[in-house]
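Here is a short report on the structure shown below. Keep the sequence at hand while reading.

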Amino acid sequence: MQSERPITPSTLSVKDLPWQILWDKEKCTLCGKCTAVCPVNAIELGVFRKRTVKPPLGFLETPASVYKAYYGIRQKTDPAYNCVGCAMCNIPCPNDGCEGMVVEKASKKGRKFYACNQYPECRFAMWDEPFNDVCPECGSHVLGVKRPKGEAPVLSCRKKGCGFKKPMPSS
Ligand code: SF4
Ligand code: SF4
Ligand SMILES: [Zn+2]
Ligand SMILES: [Zn+2]
């Protein structure tokens with residue numbers, strides 16, 4: 001059957017795609033890690049334009065639109081670059097039933113740690129730097145990096161009850 005309209009990038013919006021990325025302007029530092037790891041190039045650095053309406057000061061003035069441009073991470077709408085939902089661009093919390101993401105935090109003493117962004121509903125936290133890779137035993141995405149003195153770094157799965165470990169791949 002013929003589709004009713006041609007599928008071209010301009011006829012699709014992010015809302016038509018099976019996976020939609022959630023990007024937060026306030027939290028993004030534009031570090032580029034997410035676009036670098038995406039295996040299908042579904043996300044890219046782009047310029048966004050935000051329109052705000054300036055209300056008139058008096059009766060004689062007409063409302064004006066003010067445009068602001070800023071850089072951000074956007075999802076491509078070309079079907080050739082469909083996001084496959086692999087979660088390599090983010091680190092999903094390994095706790096069962098939790099839909100949170102593991103994010104960087106700082107303790108009261110300023111020490112860096114990583115925890116679920118659904119705190120206090122979810123208490124997942126770790127000191128070790130997280131490494132996004134799929135655990136072959138439980139499917140979790142959170143492996144922690146351990147760097148024993150004088151030895152090669154080791155990755156260990158952080159899902160409760162899963163003891164998977166492997167040497168850290170050299171990149
Ligand atoms: S969204 Fe991407 S570019 Fe922004 S902070 Fe996260 S990894 Fe870095
Ligand atoms: S979920 Fe996977 S395919 Fe989708 S944007 Fe993130 S890294 Fe790319
Ligand atoms: Zn969680
Ligand atoms: Zn595991």
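## Strand pairing

This is a predicted model. Two bridges link β4 to strand β5, residues 125-126, and the two run antiparallel. Within this pairing, Y114 sits opposite M126 of β5.

Strand β4 also pairs with β3. Here β3 covers residues 102-106 and β4 covers residues 112-116. Five bridges hold this antiparallel pair. V102 faces C116 of β4 across it. The hairpin of β3 and β4 has five residues between its strands. In that hairpin, G110 adopts a positive phi near 85°.

## Nonpolar cores

The largest nonpolar core has ten residues: I91, C93, V102, C116, F124, C135, V142, L143, L155 and C157. Two elements, β7 (142-146) and β8 (154-157), give two or more residues each to this core. V102 and C116, the opposed residues of β3 and β4, are both members of the core.

I91 is another member. Leaving out residues up to four places away in sequence, I91 touches M101, V102, P130, N132, H141 and V142. V102 and V142 also belong to the largest core.

Another core lies apart from this one. It has five residues, including C38, I43, I73 and C83.

## The segment before α1

S13 lies in the segment that precedes α1 (33-37). Is S13 buried or exposed? S13 counts as exposed, because its C-beta has 10 neighbours inside 10 Å, and the cut-off for exposed is 12 or fewer.

How far apart are S13 and K76 in space? Their C-alpha atoms are 8.9 Å apart, while 63 residues separate S13 and K76 in sequence.

How values were computed:
Residues are numbered from 1 along each chain as its sequence is written. Chains are lettered from A and ligands numbered from 1 in the order in which they are written. This is a predicted model: local features need pLDDT of at least 70, side-chain atom pairs count only at pLDDT 80 or more; totals for chains, interfaces and linings use all residues. Two strands pair if DSSP finds at least two bridges between them. Helices (H or I, at least four residues) and strands (E, at least two) are DSSP runs, numbered from the N terminus. A nonpolar core is a set of buried Ala, Val, Leu, Ile, Met, Phe, Trp, Tyr and Cys residues joined through C-beta atoms within 7 Å. A residue is buried if 20 or more other C-beta atoms lie within 10 Å of its own, exposed if 12 or fewer, and partly exposed in between; C-beta atoms are placed from the backbone. Two residues are in contact if their C-beta atoms, placed from the backbone, lie within 7 Å.
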